[in-house]
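Subject: Structure handover

Hi,

Here is the structure I promised to pass on. Have it open while you read, and my notes follow below.

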Amino acid sequence: MLRIPCPFCGPRDHAEFTYLGDATVTYPPIDSTDQRAWYEAVYLRDNPRGPHKELWQHVNGCRMWLAVERDTMTHEIKSATAAHPGTRAALAAETAR
Ligand SMILES: [Zn+2]
């Protein structure tokens, strides 16, 4: 059973989450007219074997977007944190108290 350690709710079954995609994709600037760059950012994905950074949303929990590092071979989850840098910094400050 795959359990994702939500930093806000604790470990939860993966059925509570929705996979949102590859967390390593970078998009061109919003005003870019480079069609090739947009095509690659929107449609092309790698299919990595091993460690991979992914976005998941805890839809049946706190609804936060998480950045999860998961091994695609073993499904071992090495880390899970808030996806948004501002939320991640606030979470780190909260846990440091
Ligand atoms: Zn949660």
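Two strands pair if DSSP finds at least two bridges between them. The strands themselves (E, at least two residues) and the helices (H or I, at least four) are DSSP runs, numbered from the N terminus. With that in hand, look at the start of the chain: a hairpin of three residues joins β1 to β2. β1 and β2 (residues 10–13) pair in the antiparallel sense over four bridges, and Ile-4 stands opposite Arg-12 in β2.

Before going further, please note that this is a predicted model: local features need pLDDT of at least 70, side-chain atom pairs count only at pLDDT 80 or more, and totals for chains, interfaces and linings use all residues. Residues are numbered from 1 along each chain as its sequence is written.

Now the overall layout. The chain has two helices and six strands, running β-β-β-α-β-β-β-α from the N terminus. Its C-alpha trace spans about 45 × 30 × 20 Å along the principal axes.

Next, the sheet. Four strands form an open sheet in the order β3-β4-β5-β6, with antiparallel pairing. β3 (18–22) and β6 are the edge strands, each pairing on one side only. β3 and β4 (residues 51–57) pair over four bridges, and the bridge partner of Thr-18 in β4 is Gln-57. In general, strands of a sheet pair through backbone hydrogen bonds, either parallel or antiparallel.

How much of the chain is buried? Buried residues make up 12% of the 97 residues. A residue is buried if 20 or more other C-beta atoms lie within 10 Å of its own, exposed if 12 or fewer, and partly exposed in between, with C-beta atoms placed from the backbone.

The largest nonpolar core has eight residues: Ile-4, Cys-6, Phe-17, Trp-56, Leu-66, Val-68, Ala-80 and Ala-82. β1 (3–6), β5 (65–71) and β6 (77–82) each supply at least two residues of this core. (A nonpolar core is a set of buried Ala, Val, Leu, Ile, Met, Phe, Trp, Tyr and Cys residues joined through C-beta atoms within 7 Å.) In β1, Ile-4 and Cys-6 form a covered face, while Arg-3 and Pro-5 form an uncovered one. As a rule, side chains in a regular strand alternate between the two faces of the sheet.

Ala-82 is worth clicking on. Leaving aside neighbours within four places in sequence, Ala-82 is in contact (C-beta atoms, placed from the backbone, within 7 Å) with Pro-7, Met-64, Leu-66, Thr-87, Arg-88 and Leu-91.

What about helix α2 (residues 85–96)? None of its 12 residues is buried. The expected span of a helix is 1.5 Å times one less than its number of residues, so α2 should span 16 Å, and its end C-alpha atoms are indeed 16 Å apart.

Finally, some loop residues. Thr-72 sits in the loop between β5 and β6 and counts as partly exposed because it has 13 C-beta neighbours inside 10 Å. Not counting residues up to four places away in sequence, Thr-72 touches Pro-48, Arg-49, Gly-50 and His-52. His-75 lies in the loop between β5 and β6 too, with a positive phi near 65°, and is exposed, with 11 other C-beta atoms within 10 Å. Arg-63, in the loop between β4 and β5, has a positive phi near 70° and is exposed, with 9 C-beta neighbours.

Cheers

Key: Contact = placed C-beta atoms within 7 Å.
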